[in-house]
Amino acid sequence: MSEPYYITTAISYPNGRPHIGHAYEAIAADAIARFHRMLGRDVRFQTGTDEHGLKMAQTARDRGITPKELSDEMSSYFKMMCDSLDISYDRFIRTTDPDHKVSVQALWRKMVDKGDIYLGRYEGWYSVRDEAFYDEKELTTGEGGARLSPQGTPVEWTVEESWFFRLSAYQDRLLELYRNHPEFIQPEGRRNEVIRFVEGGLSDLSASRTSFDWGIPVPDSPGHVMYVWVDALTNYLTGAGYPDLDGALGKYWPADVHVIGKDIVRFHAVYWPAFLMSADVPLPKQVFGHGFLLHKGEKMSKSVGNVVDPIELSAVFGVDQLRYFLLREVSFGQDGSYSEDAIVTRCNADLANNLGNLAQRSLSMIAKNCDGKVPVPGDATEAETSLLSGIAAAEQAVRQHMTGGQLAIHSALQVIWEQMSLTNQYFAEQQPWAVRKIDPARADMILYYTAEAIRQLAILARWVMPSSCDKLLDLLAQKPDARDFAALSTRLEAGKDLPAPVPIFPRLELASDAKGN
RNA sequence: GGGCCUGUAGCUCAACGGUUAGAGCAGGCCGCUCAUAACGGCUUGGUUGGGGGUUCGAGUCCCUCCGGGCCUACCA
């Protein structure tokens, strides 16, 4: 069996509908997962929802339904988003899944056995109305000097019993991990921040709550439910069959990469490895903190009203168009900016004009002049040789960008699209439409090599735009099992019947009411 | 308060301390007609945020100022 590859996204907290940021993370992780599948790896890709906690319980109460009913509904929106964006998850995990409870409680017991869990007190300013603790500096002073929460509700100093995790004991081992495995936290900037944070000293972590009950119960401790991060992070292990890592799914652990947003790097790069060290579970190989998507350079927020529904966007511009745009336009790891305007510009230039039109013009020439069959290649000249060797070199560059620990998705795409431009150049220089009049065999040959280049380019881009590239490969009569990187070296078969060509990437237009958005 | 990152052509970004700072998109001109008014060629455009310094040589290193962003911290 081929080498396992386990990749996860963060699980989303479904107290609202999914937004473009959720879509971005899912798309990026999906592309990486598909890339490794095309490389022949045995890929396991997991995403899902994190459903416990106070907020969900409150919202459910407000709506007069049970937390489970609420999370069933909300989780389904996230699953629907994944399905409509062609996210090829192997499991959509929910923290309310029965096996997750088993997994979390097993991990907890291991940490208890290690002596890393102890009973203590969690103290702070607590608002009964908000059911939340607030930091001193968040408070405001109301009438008569009363302390108020940011929501204006009264707070009182509250002492709550809580189980604590002995995080402080892991400072040295964590620093050693970061030192010995620079690739553990990526990108580089995030790594530096985490190191400085840990160097500054670690406090023990409150690991249970008694103020609400919508969560996974702490074993043998009535009234206590698991703190959110113990619960949520463990989903990655649950997906590998924990506590039975010798089972069918155990081969996927340790995970190759957790793809997450930069805001939760600390939980994944500090708490998570500490929990695992405590429980004697091998550590994941990498935590990759991607950047945020900004709308025209500004943060998205409900109050500004620039929160965009990814499903709507993909319905307007196309799923693969959205996928391509996000992965090509944003430097993976950096923050990125998007706008409908930018999507249209980028997709028209790269997809409709460069790739789509190239395919359409060459394939329709084959349809008209070659009886709809793959023409005979003949003996390649310098032009054809360098065309294909350029693409072969690009494939190597793409592999390096995607497997070098950097996950430079945008660079990989850039390299592929350079080859598309070169193929357009080849086609224009060779002028098969003119050559046909004086040397039909040579014209056939030009069309053959152009089609072959398109076949290879479609394979190279397929992990980013699965359905469009599959359509393109359909037009080249390629079988489903001839679409991975291994198939790059098997040339088009002359004489094979091709279906009538159809345009794959239509030109996009900005909806008039969306101009400038 | 401490620390990190960043500011390069209208836009998005490249440039091991080394020849006249590059590319894509956008703009302009020309060509072509096979194609989704697409493609190809040529081209306009930057005192690399300001100032100072190190160096034979600085976008690249150092200092400082200005403008963004982020992490972190119990100064009222």
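Is the crossing of α16 and α17 left-handed or right-handed? It is left-handed, in the sense that the near helix is turned anticlockwise from the far one by less than a right angle, whereas a clockwise turn would make a crossing right-handed. The structure examined here is a predicted model, in which local features need pLDDT of at least 70 and side-chain atom pairs count only at pLDDT 80 or more, while totals for chains, interfaces and linings use all residues. Residues are numbered from 1 along each chain as its sequence is written, chains are lettered from A and ligands numbered from 1 in the order in which they are written, and side-chain values use heavy atoms, with hydrogens and water left out.

The pair of helices named at the outset merits a fuller description. Helix α16 spans residues 440–461 and helix α17 residues 466–475; helices (H or I, at least four residues) and strands (E, at least two) are DSSP runs, numbered from the N terminus. The two axes come within 9 Å and cross at roughly 155°, where axes are lines fitted to C-alpha atoms, for helices over the stretch in contact, and angles run from 0 to 180 degrees between N-to-C directions. The helices α16 and α17 are therefore roughly antiparallel to each other, a label for angles over 145 degrees; those under 35 count as roughly parallel, 65 to 115 as roughly perpendicular and the rest as oblique. On the α16 side the contact (heavy atoms within 4.5 Å) is made by Ile454, Arg455, Ala458, Ile459 and Ala461, and on the α17 side by Cys469, Leu472 and Leu473. Seven of these residues are nonpolar, none is polar and one is charged. In this scheme Ala, Val, Leu, Ile, Met, Phe, Trp, Tyr, Cys and Pro are nonpolar, Asp, Glu, Lys and Arg are charged, and the others, Gly among them, are polar.

A second helix pair, α12 and α14, packs at an angle of about 40° with axes 10 Å apart, which makes α12 oblique to α14. This crossing, too, is left-handed. Residues of α12 in the contact include Asp350, Asn354, Arg361 and Met365, and among their counterparts in α14 are Trp417, Asn424 and Phe427. The contact divides into seven nonpolar, six polar and two charged residues.

Both helices also take part in the surface near RNA strand B, as does α6 (188–199); each of these elements gives two or more residues. The largest share, 10 residues, comes from α12. In total, 24 residues surround the strand, the closest being Arg266, Asn357, Arg361, Lys368 and Phe505; a residue is near if one of its heavy atoms lies within 4 Å. By class, this surface has eight nonpolar, eight polar and eight charged residues. Polar contacts (pairs of N or O atoms within 3.5 Å) reach the bases as well as the sugar or linking oxygens. A base nitrogen is 2.6 Å from a side-chain N or O atom of Arg361, and a base oxygen is 3.1 Å from a polar backbone atom of Gly356. For Arg196, a side-chain N or O atom is 3.4 Å from a sugar or linking oxygen.

Finally, the backbone deserves a look. Most residues other than glycine have a negative phi, and most peptide bonds are trans. The Gln186 to Pro187 bond is cis, with omega near -5°, and Pro187 lies in the loop between β9 (185–186) and α6. The Tyr242 to Pro243 bond is also cis, with omega near 10°.

Technical notes: Polar contact = N/O pair within 3.5 Å; in protein donor to acceptor, adjacent residues only side chain to side chain.
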